Amino acid sequence: MKKDTSRRSFLKKASLGSAAFTTAPYVFSNTYDERILMSRTYHEQSYSANDRINLALIGSGIQGIYDTQSALRVSGVQLVAACDLYSGRLDRAKELWGDSIFVTRDFRKILERRDVDAVIIATPDHWHQKITIAALKAGKHVYCEKPMVQKFEEGQAIIKAQRDSGMICQVGSQGMSSLGNEKAKQLYEEGAIGDLVMLDMYNDRYSAEGAWQYPIPPDVNSDTIDFDTFLGKAPKVPYEPKRFFRWRNYQDYGTGVAGDLFVHAFSTLNHVISSHGPNRAMATGGLRYWNDGRDVPDVTITLYDYPKTEKHAAFNAAFRINFIAGNGGGGGFKLIGTEGEMEIGQNEVKVTRSKLGMLPSAYSMVAYTEATQEKIKQQYQQKVLEPRASSLNVGTTVWQAPNDYKGGHYDHFYNFFNAIRTKGKVVQDPTFGLRAAGAALLANESYFRKEPVNWNPTMMQLI
């Protein structure tokens with residue numbers, strides 16, 4: 001017999017069953033389960049050598065290589081130059097992309113080249129603002145890795161430089177353009193989970209690499225890396241390879257777990273619910289395990305307040321990171337609303353709608369006569385059968401990308417290069433980038449101040 005999952009049939013069955021009410025808790029079970037394949041169409045074509053976008057990489061480290069590999073999968077893009085302060089990475093760039101590419105330790109030589117149309121900036125965070133502004137002024141389109149800035153006050157100058165130059169500037173939170181984000185935004189706007197009440201985000205890690213203990217190559221010395229240039233605007237310290245290769249561990253060069261991980265979540269959250277971000281944050285945590293000289297916490301919990309807007313109700317967000325998770329690791333990103341919850345990934349969105357009847361149980365009914373109990377049940381029954389905000393069934397629905405989906409990282413670069421060719425818009429411009437970075441940096445501000453901090457998400461300023 002075919003299972004009838006239509007909403008009309010469901011309501012009819014619920015109505016017919018009303019005479020069987022008992023004093024037990026009344027819950028609609030999650031028996032409905034559906035899986036739906038998502039899809040995306042790409043408008044790609046073959047390009048001649050003269051029509052290709054010439055790309056240069058500034059910061060040829062781990063993320064820079066992953067970024068470039070994704071970028072080069074987009075039709076009509078070729079790498080012509082790479083820059084890094086460690087000579088071994090320049091050797092690696094030639095190994096990956098050919099001896100013909102130009103390599104240098106000086107990013108300014110990249111910007112001087114007339115054959116460079118766009119640059120990827122994948123340097124340590126404390127160099128993002130300077131190189132981004134210099135590249136825009138040099139007439140280069142910019143893909144700047146997240147977080148866009150290391151400090152709150154650096155963002156407005158990037159916004160102005162992009163506006164004045166007219167060049168395209170995309171901030172690189174690679175899941176932003178994913179199918180998962182696109183579907184989640186559609187579902188949220190259709191009322192799939194009702195009014196948003198809470199966001200739950202967590203990231204557990206259990207490996208040295210996951211805690212930023214990146215390997216240091218054996219050929220490192222004061223000749224193979226330009227340590228003084230690496231320091232940039234940071235305080236001058238003696239030569240120390242650990243600071244160069246594990247820069248995320250230090251406030252002088254990075255932004256801690258907030259800039260590395262929170263900013264991805266804020267990018268997705270603000271995009272899905274069309275928000276400017278939170279207005280208050282309170283953080284706690286500590287350095288619990290990785291006592292390797294780092295001065296940023298390895299365990300953090302931050303609570304955020306989002307104010308009510310035209311797009312969403314007031315809600316709270318909880319962000320939790322643990323770099324010594326004995327459970328083996330894992331992560332999650334879940335929007336919880338009044339009608340259901342939505343788990344969002346780049347390749348999958350899962351919506352669970354387990355509408356509680358919210359009927360009184362035996363505990364609260366015991367003090368009333370049976371006649372009064374029947375009247376109460378009838379009142380609550382009407383609430384249970386009220387129409388839902390969304391046409392989705394009660395139960396679980398999963399939207400999945402097909403096996404041949406090119407991925408969110410590819411999509412983000414596709415969006416960037418398409419904007420360059422069409423003089424269009426990117427999904428994560430500098431204003432969006434500052435709002436995501438600013439929200440993340442509130443965690444650091446609160447943690448080191450040891451007090452809550454306030455933020456104006458529209459003006460993008462600390463209060």
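**Notebook: strands, helices and two residues**

I looked first at strand β7 (residues 169–172), and both of its faces are covered. Cys169 and Val171 lie on one side, Gln170 and Gly172 on the other, and all are buried. I note at the outset that this is a predicted model.

**Entry 1: the partner of β7**

I then asked which strand pairs with β7 in the parallel sense. The partner is strand β6 (residues 141–145), and four bridges connect the two. Opposite Gln170 of β7 I found Tyr143.

**Entry 2: the open sheet**

I traced the open sheet next and recorded 11 strands. Their order is β1-β15-β14-β13-β12-β8-β11-β10-β9-β16-β17, with mixed pairing. The edges are β1 (33–37) and β17 (461–462), each of which pairs on one side only.

Within this sheet I examined strand β8 (residues 196–204) and strand β12 (residues 330–337), which run antiparallel and are joined by eight bridges. For Asp200, the bridge partner in β12 is Lys334.

I noted two helices that pack on the sheet. Helix α7 (residues 179–189) touches β8, β13 (341–344), β14 (348–353) and β15 (395–400). The direction of α7 makes about 165° with that of β13. Helix α10 (residues 256–273) touches β8, β10 (299–306), β11 (315–322), β12 and β13. The direction of α10 makes about 30° with that of β10.

**Entry 3: α7 against α10**

I turned to the contact between these two helices. The axes of α7 and α10 come within 8 Å and cross at roughly 40°. The two helices are therefore oblique to each other. I recorded the crossing of α7 and α10 as right-handed. On the α7 side, Asn181, Ala184, Lys185 and Tyr188 take part, and they meet Thr268, His271, Val272 and Ile273 of α10. By class, the residues of this contact are four nonpolar, three polar and one charged.

**Entry 4: Asn181**

I selected Asn181 of helix α7 for a closer look. Is Asn181 buried or exposed? Its relative accessibility is 2%, so I entered Asn181 as buried; the cut-off for buried is under 20%. Residues up to four places away in sequence aside, Asn181 touches Gly175, Met176, Thr268, His271, Val272, Ile344 and Gly345. Among these, Thr268, His271 and Val272 also appear in the α10 side of the helix contact.

**Entry 5: α2 against α13**

I examined a second helix pair, helix α2 (residues 62–71) and helix α13 (residues 408–422), whose axes come within 8 Å and cross at roughly 70°. That angle makes α2 roughly perpendicular to α13. I recorded this crossing, too, as right-handed. From α2 the contact draws on Gln63, Tyr66, Asp67, Ser70 and Ala71. From α13 the contributors are His409, Tyr410, Phe413 and Phe417. I entered five nonpolar residues, three polar and one charged for the contact of α2 with α13.

**Entry 6: Arg35 on an edge strand**

I finished with Arg35, which lies in strand β1, an edge strand of the sheet. The relative accessibility of Arg35 is 53%, so this residue counts as exposed. Which residues does Arg35 contact, leaving aside neighbours within four places in sequence? I found Val398 and Gln400. Arg35 and Val398 are 363 residues apart in sequence, yet their C-alpha atoms are 4.8 Å apart in space.

Notes. Residues are numbered from 1 along each chain as its sequence is written. This is a predicted model: local features need pLDDT of at least 70, side-chain atom pairs count only at pLDDT 80 or more; totals for chains, interfaces and linings use all residues. Side-chain values use heavy atoms; hydrogens and water are left out. Two strands pair if DSSP finds at least two bridges between them. Contact means heavy atoms within 4.5 Å. Axes are lines fitted to C-alpha atoms, for helices over the stretch in contact, and angles run from 0 to 180 degrees between N-to-C directions. Angles under 35 degrees count as roughly parallel, over 145 as roughly antiparallel, 65 to 115 as roughly perpendicular and the rest as oblique. A crossing is left-handed if the near helix is turned anticlockwise from the far one by less than a right angle, and right-handed if clockwise. Ala, Val, Leu, Ile, Met, Phe, Trp, Tyr, Cys and Pro count as nonpolar, Asp, Glu, Lys and Arg as charged, and the others, Gly among them, as polar. Buried means under 20% relative accessible area, exposed over 50%, partly exposed in between (1.4 Å probe, protein chains only).
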